Amino acid sequence: MAQIITVARGMGSGGRTIAKMLSEDLNYKYYDKDLIKLASEESGINEAFFGRVDEKLKGAFLRKNGVYKGQLLKPDDSGFVSDKNLFNFQAKVIKELAERESAIIVGRCADYILKGKDELIRIFIYCDMETAVKNVIDMYGISEKEAKKVIEKTDRQRSDYYSYYTGNDWENARNYDICLDTSKMSYDTCVEIIMNYIQTVKK
C-alpha cells in the first residue's frame with residue numbers, strides 16, 4: 001500500500017529541505033511545485049492560473065464556503081478557472097498520486113485532502129522568528145527587515161489558504177501526527193525522528 005507523508009511548513013523553517021531529505025532516504029517521489037504542472041495537465045487550464053493561487057488566496061478570500069468538498073466544474077462553467085476549481089483539480093491530482101505511489105507531498109492542504117487515508121503521516125515543521133530570519137537571509141541574500149516581512153507575509157498567506165479550504169487552523173497541532181521545531185534541532189535530527197516514527201507505526 002502506498003504511504004504518503006505530507007509536510008506543512010513555516011517559511012524559513014527548513015521544511016522543504018527536510019521533505020527532500022526524507023524523499024531521498026525513503027526513495028519516495030517528492031512533490032511540491034510540480035503539482036501545479038500536473039494539475040494544469042489534468043484540467044487543461046494554463047499553468048499560470050495555478051501559479052497565481054499557489055498556497056495563497058486571491059478572489060476566493062472574498063467568498064464563503066470554500067472548504068474542500070471535491071466537486072469539479074466543467075469547461076463550459078463560468079467558474080471553471082475560479083480559485084476553488086483550481087484547488088479542486090490540484091486536490092484530484094494529489095488523491096490520484098496517493099493511490100498509486102508512495103510520496104512526500106509539500107503543503108497545499110494535502111494533509112486535509114487525504115484525511116482518513118491509510119498509511120498517511122502528517123508533519124508540520126516550524127521554527128522561531130530568529131531562526132527563520134537567518135535562514136531566509138541565507139537563502140535570498142536580503143536584509144533582516146525584508147526577511148521578516150517575507151516570513152510574515154508567506155506564513156499569513158499559507159495560514160489563510162489552509163483555513164479557507166479546510167476550515168481548520170494551519171498551526172493547530174491536532175491537524176498533524178508530528179510537529180517539529182527546527183530552532184531546537186537539526187534537520188538531520190528531524191529526519192531521524194520522522195524515520196523512527198514511520199518504523200513505529202509500521203509495526
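**Exercise 1. Decide how far strand 4 (residues 120-126) is enclosed by the rest of the structure, and find its partners.**

Step 1. Five of the seven residues of strand 4 are buried (under 20% relative accessible area, 1.4 Å probe, protein chains only). The strand is therefore largely enclosed by the rest of the structure.

Step 2. Strand 1 (residues 4-9) pairs with strand 4 in the parallel sense, over six bridges. Pairing requires at least two DSSP bridges between the strands. Isoleucine 5 stands opposite isoleucine 121 of strand 4.

Step 3. Strand 5 (residues 178-181) also pairs with strand 4 in the parallel sense, over four bridges. Here leucine 180 is the bridge partner of isoleucine 125.

**Basis.** This is a predicted model: local features need pLDDT of at least 70, side-chain atom pairs count only at pLDDT 80 or more, and totals for chains, interfaces and linings use all residues. Residues are numbered from 1 along each chain as its sequence is written, and side-chain values use heavy atoms, without hydrogens and water.

**Exercise 2. Place arginine 100 and state whether it is buried or exposed.**

Step 1. Helix 4 (residues 83-100) contains arginine 100.

Step 2. Its relative accessible area is 57%, so arginine 100 is exposed; the cut-off is over 50%.

Step 3. Alanine 2 is 98 residues away along the chain, yet the two C-alpha atoms are separated by 6.5 Å.

**Exercise 3. Identify the residues of the negative surface patch.**

Step 1. Glu24, Asp25, Asp188 and Glu192 form the patch. Patch residues have over 30% relative accessible area and no salt bridge (a side-chain nitrogen of Lys or Arg within 4 Å of a carboxyl oxygen of Asp or Glu), with like charges joined within 9 Å.

Step 2. Helix 1 (15-26) and helix 8 (187-202) each give two or more residues to the patch.

Step 3. Glutamate 24 sits in helix 1. At 64% relative accessibility, glutamate 24 counts as exposed.

Technical notes
Patch = residues over 30% accessible without salt bridge, like charges linked within 9 Å, V, L, I, M, F, W, Y side chains within 5 Å. Areas by Shrake-Rupley, 256 points an atom, 1.4 Å probe, with all protein chains shown as cover. Lys, Arg positive; Asp, Glu negative; His and termini not counted. Charge placed at Lys NZ, Arg CZ, Asp CG, Glu CD.
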